[in-house]
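This short report covers one chain and the contact it makes with its partner. The sequence and structure come first.

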Amino acid sequence: MANFIQAYSWLNIRYLLEGLWITVEISAVSIVFSFIIGGLLGLLRYVKIKYLSALVGFVIDIIRNLPLLLILFFTFFGLPNIGIKPDAIMAAILAMTVFESAMVAEIIRSGIQAVDPGQMEAARSNGMTYRQAMQHIILPQAIKKMIPPLVSQFVSLIKDTSLATIIMLPELMYHAQIIYGQNTNFVLPMFLALAVLYFIVCYALSWLSRILDRRMGA
Amino acid sequence: MISILVNHWPEFWSGFLFTLGSSILALIGSLIVGTIFALLEISEHKWERIVGRVYVEIFRNIPLLVITMFFYVVIPMFITNVNGFTAGTIGLTIYTSAFIAETVRAGIEAVDPGQMEAARSNGLTYLQAMTHIVFPQAIKITIPPLGNQFINLVKNSSVLAFVAGFDLMYQGNLIASTTFDTSNTYLAVGLLYLILTLPLSYFMRYLEKKWA
């Protein structure tokens, strides 16, 4: 018990929260980037431009099937070998964005594809252009289907930022390791704190999405 | 890239086998644990439902790395020594079982409840109805998402590199640090991961289309 009281000193808690803040920042930046890039790539794959869509699809499949940790190693240790030297924060954001964009693209594509093709046909035969039909009929329905998988993808992203501890990004996991590295009595309290802090952030995000879901009446 | 792959083939190959072995062990383990918690989640008793729900929510919302490091760092301090491969595989099993529980639960819930009622009113016990009537129908719905979970498992097994689990990622790091040719080494590692994951991913997409 004394270990816990000692481990949760204000200094340590503040240090953990600083790490959590980096985790949240890196996640937020990566979520925004991968949502934009992934959305564009997903649309590009869906609309079927000759060769281009197939190529984009192939690259997306390759990236989705690689471990994020490998991509992270590549951006931090591999890129300097070919003359690009990103720092830990840049390498982490780059790796997360590349990986998550591919994941998001796939979610967007399958969300659009899940809309009944009859909807598009009906919209077109009512005189709408392809773009109008897409914008007013297909996408609003597709977005409802995309929200749950997108949110769980972003929850994964937050959890996966912990991997960046290996490139010494000062996020939550890294800060916890520094604290318990100084005193073995702090190991158990730190793991408990890690579990609780990650859980709160991730659970809050899925909770938010459930509220959003209900509001949209999906 | 090819020359690194050829020169260090024994290390790459042993890493490949460790990755495959850890993934398969964790898949078997998490199928068993995941199915048990899926059954708890849909149980008729309130307390069993709560236990299932809490397990799934906890382990879905904590990073795999934290769970794995817990078994690698904390368990040896209090209980018994665990090597990296075991700690990593246990971590993978627990983490994945939460996702598999969700998949199996969704599969079972997708089966028409009338099937269970009909089986029960024909005199089958709950367990008999589950194993002979509901499960066989649920499996078809669960196989494509389970395949995707296995792909995730293979990718996630790279976390073994954190705990000296001798997997592909770990060997890749060793080779990268001895040859200094980091970019080509990681490309070679990526190629080996793709050999495991890409065909499976295309096969699952084919199944989804075929069974849809």
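How many helices and how many strands make up the secondary structure of chain B? In this predicted model, chain B has 9 helices and 0 strands. Read from the N terminus, its elements follow the order α-α-α-α-α-α-α-α-α.

**Overall build of chain B**

The C-alpha trace of chain B spans about 70 × 50 × 25 Å along its principal axes. Chain B holds 212 residues, and 44% of them count as buried. Among contacts in chain B with a separation of 6 or more, 73% join residues 24 or more positions apart.

**Annotated spans**

An unreviewed UniProt entry lists "transmembrane region" for residues 12–40, 61–79 and 186–207 of chain B. Two of these spans are compared with the model below.

| Span of chain B | Helix | Strand | Distance between end C-alpha atoms |
|---|---|---|---|
| Residues 61–79 | 79% | 0% | 25 Å |
| Residues 186–207 | 100% | 0% | 31 Å |

Residues 186–207 of chain B are thus 100% helix in the model. For residues 61–79 of chain B, the helix share is 79%.

**Contact between chains A and B**

Chain A brings 29 residues to the contact, and chain B brings 30 residues. On the side of chain A that touches chain B, four elements each supply at least two residues: helix H3 (52–64), helix H4 (68–78), helix H7 (130–160) and helix H9 (187–215) of chain A. Which helix gives the most to this side? H9(A) does, with 9 residues. By class, the side of chain A that touches chain B has 22 nonpolar, 5 polar and 2 charged residues.

How values were computed
Residues are numbered from 1 along each chain as its sequence is written. Chains are lettered from A and ligands numbered from 1 in the order in which they are written. This is a predicted model: local features need pLDDT of at least 70, side-chain atom pairs count only at pLDDT 80 or more; totals for chains, interfaces and linings use all residues. UniProt positions are given in the numbering used here, feature names are shortened, and annotations may be inferred rather than shown by experiment. A residue is buried if 20 or more other C-beta atoms lie within 10 Å of its own, exposed if 12 or fewer, and partly exposed in between; C-beta atoms are placed from the backbone. Two residues are in contact if their C-beta atoms, placed from the backbone, lie within 7 Å. Ala, Val, Leu, Ile, Met, Phe, Trp, Tyr, Cys and Pro count as nonpolar, Asp, Glu, Lys and Arg as charged, and the others, Gly among them, as polar.
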